[in-house]
2 protein chains.
Amino acid sequence: MTLEDLLVKTKNRDVSIAIIGLGRVGLPLASVLANSGFKISGIDANELRLESIIKGVCPFYDPPLQENLEKAIASGNVSVVKNISESSLPNIIFFTVGTPSSGGGTVDYTQLYGALEEVSKFDLKDKMIILRSTMPPKTTEDIIIPYLEDKSSLKCGIDFGLAVCPERILEGKAIKELFELPEIIGGINEISNEIAKEVFLAINPNKEILITTLTGGELAKLFTNIYRYITFALANEFAVWSEMYGVDGSEIIKIANHNYDRCNIPRPGFAGGPCLSKDGTFLDNNTTFTSIVSAAWKLNESIPQHIINSIKKIEVNLFNKKITVLGLSFKSGSDDLRNSPSVKLTEILRSIGANILIHDPYVKSTSSLDESLKEADIVIIATNHKEFTDIKDKINNSNAKIIYDVWSMYQKKDFPNSKYLRLGKAI
Amino acid sequence: MTLEDLLVKTKNRDVSIAIIGLGRVGLPLASVLANSGFKISGIDANELRLESIIKGVCPFYDPPLQENLEKAIASGNVSVVKNISESSLPNIIFFTVGTPSSGGGTVDYTQLYGALEEVSKFDLKDKMIILRSTMPPKTTEDIIIPYLEDKSSLKCGIDFGLAVCPERILEGKAIKELFELPEIIGGINEISNEIAKEVFLAINPNKEILITTLTGGELAKLFTNIYRYITFALANEFAVWSEMYGVDGSEIIKIANHNYDRCNIPRPGFAGGPCLSKDGTFLDNNTTFTSIVSAAWKLNESIPQHIINSIKKIEVNLFNKKITVLGLSFKSGSDDLRNSPSVKLTEILRSIGANILIHDPYVKSTSSLDESLKEADIVIIATNHKEFTDIKDKINNSNAKIIYDVWSMYQKKDFPNSKYLRLGKAI
């Protein structure tokens, strides 16, 4: 067999695919590819996660994925195992492992090396590797290819194919976006591009394919996320300035954007999560000049403290104050707590002796809304969950003295008996 | 008479309007308002400019404005004078003076104080003042209103009206955008908002009106420009990183944006001009935290030096080298040289002993294209004028050793006999 044969087999969907890492990137992909007719081996070290998937239960909150996954499991196309050795010998291997940030802002490659070790255990001849994790630039050229060539004594591009195809879905919209988004393919050579392309066209024959290089694929993903992160930081910087000048930043941003094509400033609010805040550091760490990214990171990461400082202008000492935090996840409609600014907010508040009660409809371990609001001194609406759009009566009933509305979901007049603050509008 | 009477008279277009400052903001406004039926007195200290306008010749390059101005002059509705005392007593006075940045990055209020002094010479009772210049936040509340109240012994809002209505047109599209763009009105009170509104509705009865406060009006303009400036800086930062990784940044940005709604990264290139680069300093100067704006400013302002550094990697010493700079204005299709990065580029090159020849089809004092290219060692395409899209044969004929394409207008293959560099793609 040759890579040309693999291309033909892929076109006929006559290949089995392994997906290493069944998190929020890998699991939707596994599910969608299984429903596109491929035999899928899902591989993950987390046994609890595997047990959940075998039962057809998505291990995190994502209703459209839940539905898609049930169909995939029922099709019999999916098996999940702990090690690649237990899988049916795959022709194509996706890397969908996490590349989180270590404490110091550098990348933690532990999961990536784990996946490389797994893959090196079996014969890579005429196989195809597709890298879908977010990675610092040159990771593929400087680490992954040398590692695989060294262990296998094979030549990448000749003996086995390889492409960087970064994931760019929004959490909660994974299924829809796997069908609709253009796919970036940065292969080591033409045949690698072709094989990767056929896999994605199996999901949707009309999918747009954008061809680039290995490093181009890595950078395109980082550019995308950093662009968003910077605009969020700028909105927050505008909010802080607006507070300084005693005006309402959210209102001014709305006016600046209104039917003005050249302006598209996001709403001020928390900017965090597992991707946006760390991806910038992948580029920034290699930079000697004053980077916009580091300024943006400093600003977004300081917003929880800024909120506490604003509250302390009214209530000087928060020790023993009962503070209700509504929303713990980093984004609306999600249970994802990774690098959530709301989590950071509660940690700082706890460290200064506040008595914290948390309600998040998507996070199981938290209190109920009614319970969390009981006898609250201060209420902070920290995540813009849709469940929080119409709870002003309940908040008013709590008799809280201060309401802090991070996402400008309400108006001052909604809380006639409390001091109302929002990001971008100080007292 | 009262301000209510002024409102009625404005509705009937039975008012005369003075416009102080006939530059790229004031002159299009004067012309359009004259063509909307108002009697206009244009006031400017620059006599050459006045002479040109009287003859119906727009003193800067802007073909649609030229046409509109000829019509306005022919209507007899426009007079231009050097001092307000020579004007027919106006009911409404626009401030369209420049607020450039002084050397140190703070605002230069000289023209604004000049206009305030002019206005204070005559009776403000029942007049309306509309501030259309870009100003640091609180300029209106902290300087303009106290100044006028002090000199006139009148009360702003009661005795005379006042509103901040920031200009947000693109140079070269002034006429079209004066008709189409929503108008931001931040009046001191309701009656001031109403009078300003009537003036703008005379231009286009369907114009959208967005009401805010005095400081809201000042900030909305600054937010708009800073947002654009930051995204340009980010594109340039991406370009610099791409060069570091040996890939083509413009291509990667194109791929990242392609049919991906969440990403709208501009093209790398020079970011300067009279507005964008200075407006950020109006906010940044009052800030104690690490600002994204200052990082962005540092980055955009360093691009001319970055280009020279890239060229010096090939040609170590530029002393006495003949360098052709194509384009001197800060933007395409314009003759505006204010804070143009291309001007900065030529200044640095001259300071290190290079022999500079400049061609700009919009800047009269520059050489012709053929003349400028003669015996060039290095050609730098510095402004993305449309006239430069199809001159590769002429550039090739010059036998220049190095072509630097700031705006990625060409491809490497277009210059087979030269080293081709672009911003975002080093050699």
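Me: What makes the contact of E177(B) with R262(A) a salt bridge?

Reply: Keep in mind that the model is predicted. The closest N and O atoms of E177(B) and R262(A) are 2.8 Å apart. The cut-off is within 4 Å, between a side-chain nitrogen of Lys or Arg and a carboxyl oxygen of Asp or Glu, so the pair qualifies.

Me: And how many salt bridges are there between chain B and chain A?

Reply: The count is two.

Me: What makes the relation of chain B to chain A a two-fold axis?

Reply: Superposing chain B on chain A takes a rotation of 180° with 0.0 Å of shift along the axis, and the RMSD is 0.0 Å. That is just the relation of a two-fold axis. If you want to find the axis, look for I292(B): of the residues of chain B, its C-alpha comes closest, at 2.8 Å.

Me: How do you know that the copies meet through the same surface?

Reply: Compare the interface residues: 100% of those of chain B are also interface residues in chain A, so the surface is the same in both copies. Chain B puts 61 residues into the contact, and chain A puts in 61 residues.

Me: What is the area buried between chain B and chain A, and what share comes from carbon and sulfur atoms?

Reply: It's about 5,300 Å², with 73% from carbon and sulfur atoms. On the chain B side, Y227(B), Y245(B) and R262(B) give 16% of what that chain buries against chain A, more than any other three residues.

Me: Why is strand β11 of chain B said to be covered on both faces?

Reply: Take the faces one by one. I378(B) and I380(B) are on one side, V379(B) and I381(B) on the other, and all of them are buried. Buried means under 20% relative accessible area, so each of these residues falls below that cut-off.

Me: What makes β11(B) a paired strand, and which strands does it pair with?

Reply: Pairing needs at least two bridges, so the four that β11(B) makes with β9(B) are enough. That pairing is parallel, and V325(B) stands opposite I380(B) there. β11(B) also pairs in the parallel sense with β12(B), again over four bridges, and I403(B) in β12(B) is the bridge partner of V379(B). Between β11(B) and β12(B) the chain goes through helix α15(B), in a right-handed β-α-β crossover.

Me: Why is N399(B) called exposed?

Reply: Its relative accessibility is 65%, and exposed means over 50%, so the label fits. N399(B) lies in the loop between α15 and β12 of chain B.

Me: What is unusual about the phi of N399(B) and of K138(B)?

Reply: Phi of N399(B) is near 60°, a positive value in a residue other than glycine. K138(B) has a positive phi too, about 80°, and it is not a glycine either. You'll find K138(B) in the loop between β5 and α6 of chain B.

Me: How do you know that β6(B) pairs with β7(B)?

Reply: The count of bridges is two, and the cut-off is at least two, so β6(B) and β7(B) do pair. They run antiparallel, with V164(B) opposite G186(B). β6(B) is also joined to β5(B), in the parallel sense, by four bridges. In that pairing I130(B) has A163(B) as its bridge partner, and the chain crosses from β5(B) through α6(B) to β6(B) in a right-handed β-α-β crossover.

Definitions and conventions. Residues numbered from 1 in each chain as written. Chains lettered and ligands numbered in written order. Predicted model: local features only at pLDDT ≥ 70, side-chain atom pairs only at ≥ 80, totals over all residues. Heavy atoms only, no water. Least-squares fit on C-alpha atoms with pLDDT ≥ 70 in both. Contact = heavy atoms within 4.5 Å. Buried < 20%, exposed > 50% of the residue type's maximum accessible area, 1.4 Å probe, protein only. Right-handed = clockwise from strand over helix to strand, strands pointing away. Buried area = accessible area lost by both parts, 1.4 Å probe.
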